[in-house]
Amino acid sequence: MKSRNSILLIFFFLLTGQLFAQQDSLKFKAERVVEEPAPEYKPYDPLSPARAAFYSAVLPGLGQAYNGKYWKIPIVYTALGVGVYFYLNNDDQYDRYRDAYKSRLAGKTTDEFIDENGTPIISTSGLIEAQKFYQRNKEISILVTLGIYALNIIDANVDAHLQQFNVSEDLSLKPALDYDRYSGKAGYGLSLNYNF
């Protein structure tokens with residue numbers, strides 16, 4: 001009887017040991033959900049480039065602010081300011097030579113280009129040439145300023161287009177073997193793959 005009880009006791013422990021050793025297959029194991037970082041580009045907005053160009057046309061630099069490129073605003077205003085400065089400077093010089101030319105046509109000998117003895121420092125034909133020179137420089141200054149204004153609009157438009165352009169960081173350079181089916185020769189080279 002003793003042996004029978006001990007066999008039953010051993011059998012009971014073995015049976016319960018197996019029961020406790022089983023794992024619950026239906027038990028839910030909680031995993032951490034890792035959020036992916038937000039993309040570094042703006043979501044696609046088809047009107048964004050048109051808005052940026054319009055804002056830059058209304059007020060230079062506003063399209064750059066719309067795109068978030070605040071560092072470009074001082075460059076835009078400096079470039080436009082330089083164009084305006086040269087226009088005003090050339091206009092002042094043109095007016096100086098024009099006033100001296102008009103005073104000579106009126107018969108006066110007291111303009112700023114005549115010395116104390118009454119001898120002209122610059123001749124009348126020289127005054128005409130100076131007027132032509134500064135008139136041409138004024139026109140060039142206007143064209144350059146308008147060109148900078150147009151570049152401001154183009155820059156805002158292109159920058160808005162490029163912000164929506166999804167570029168992967170996967171840039172790989174690997175050797176490539178090109179087999180020419182017609183001649184049967186192999187060509188060796190490098191392949192630069194850039195995935196968009």
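In this predicted model, aromatic side chains pair up in 5 places. One of these pairs brings together Tyr85 and Phe86, with ring centres 5.4 Å apart and planes at 70 degrees, an edge-to-face arrangement. Phe86 comes out as partly exposed, at 43% relative accessibility. Phe133 and Tyr134 also meet edge-to-face, here with 5.0 Å between centres and 75 degrees between planes. The two partners fall into separate classes of exposure: Phe133 is partly exposed at 39%, whereas Tyr134, at 17%, is buried because the cut-off for that label is under 20% relative accessible area. Elsewhere, Phe54, Tyr55 and Tyr66 are joined by ring pairs into a cluster.

Phe54 turns up again on the surface, where a nonpolar patch is made of Phe54, Val58, Leu59, Leu62 and Tyr77. Together these residues offer about 480 Å² of accessible area. Tyr77 belongs to helix α4, which covers residues 72-105, and has a relative accessible area of 38%, making this residue partly exposed.

Turning to charges, the structure has 6 salt bridges. Among them is the contact between Asp159 and Lys72, whose closest N and O atoms are 3.8 Å apart. Asp159 sits in helix α5 (residues 124-163) and Lys72 in helix α4, so this bridge ties together parts of the chain separated by 87 residues in sequence. Both ends are tucked away: Asp159 is buried at 11% relative accessibility, and Lys72 is buried at 14%. Asp155 joins in as well, linked with Lys72 and Asp159 in a network of salt bridges.

A second link between these helices comes from Lys138 and Asp91, with an N to O distance of 2.9 Å. Lys138 is part of helix α5 and Asp91 part of helix α4, so the pair bridges 47 residues of sequence. Lys138 and Asp91 are both buried. Lys138 does a bit of double duty, since its charged end also sits over the ring of Tyr94, 4.6 Å from the ring centre.

Arg96 likewise has two kinds of contact. The side chain of Arg96 forms a salt bridge with Glu112 (2.9 Å, N to O), linking helix α4 to the loop between α4 and α5 across 16 residues. The charged end of Arg96 also sits over the ring of Tyr97, 5.6 Å from its centre. Here the salt-bridge partners are partly exposed, with Arg96 at 31% relative accessibility and Glu112 at 49%.

Methods. Residues are numbered from 1 along each chain as its sequence is written. This is a predicted model: local features need pLDDT of at least 70, side-chain atom pairs count only at pLDDT 80 or more; totals for chains, interfaces and linings use all residues. Side-chain values use heavy atoms; hydrogens and water are left out. Rings of Phe, Tyr and Trp (its six-membered ring) pair if their centres lie within 6.5 Å; planes under 30 degrees apart count as stacked, over 60 as edge-to-face and the rest as tilted. Buried means under 20% relative accessible area, exposed over 50%, partly exposed in between (1.4 Å probe, protein chains only). A charge sits over a ring if NZ of Lys or CZ of Arg is within 6 Å of the ring centre and within 35 degrees of the ring normal. Patches are made of residues with over 30% relative accessible area and no salt bridge: like charges are joined within 9 Å, nonpolar side chains (Val, Leu, Ile, Met, Phe, Trp, Tyr) within 5 Å. Accessible areas come from the Shrake-Rupley method with a 1.4 Å probe; for residues, only the protein chains shown count as cover. A salt bridge is a side-chain nitrogen of Lys or Arg within 4 Å of a carboxyl oxygen of Asp or Glu. Helices (H or I, at least four residues) and strands (E, at least two) are DSSP runs, numbered from the N terminus.
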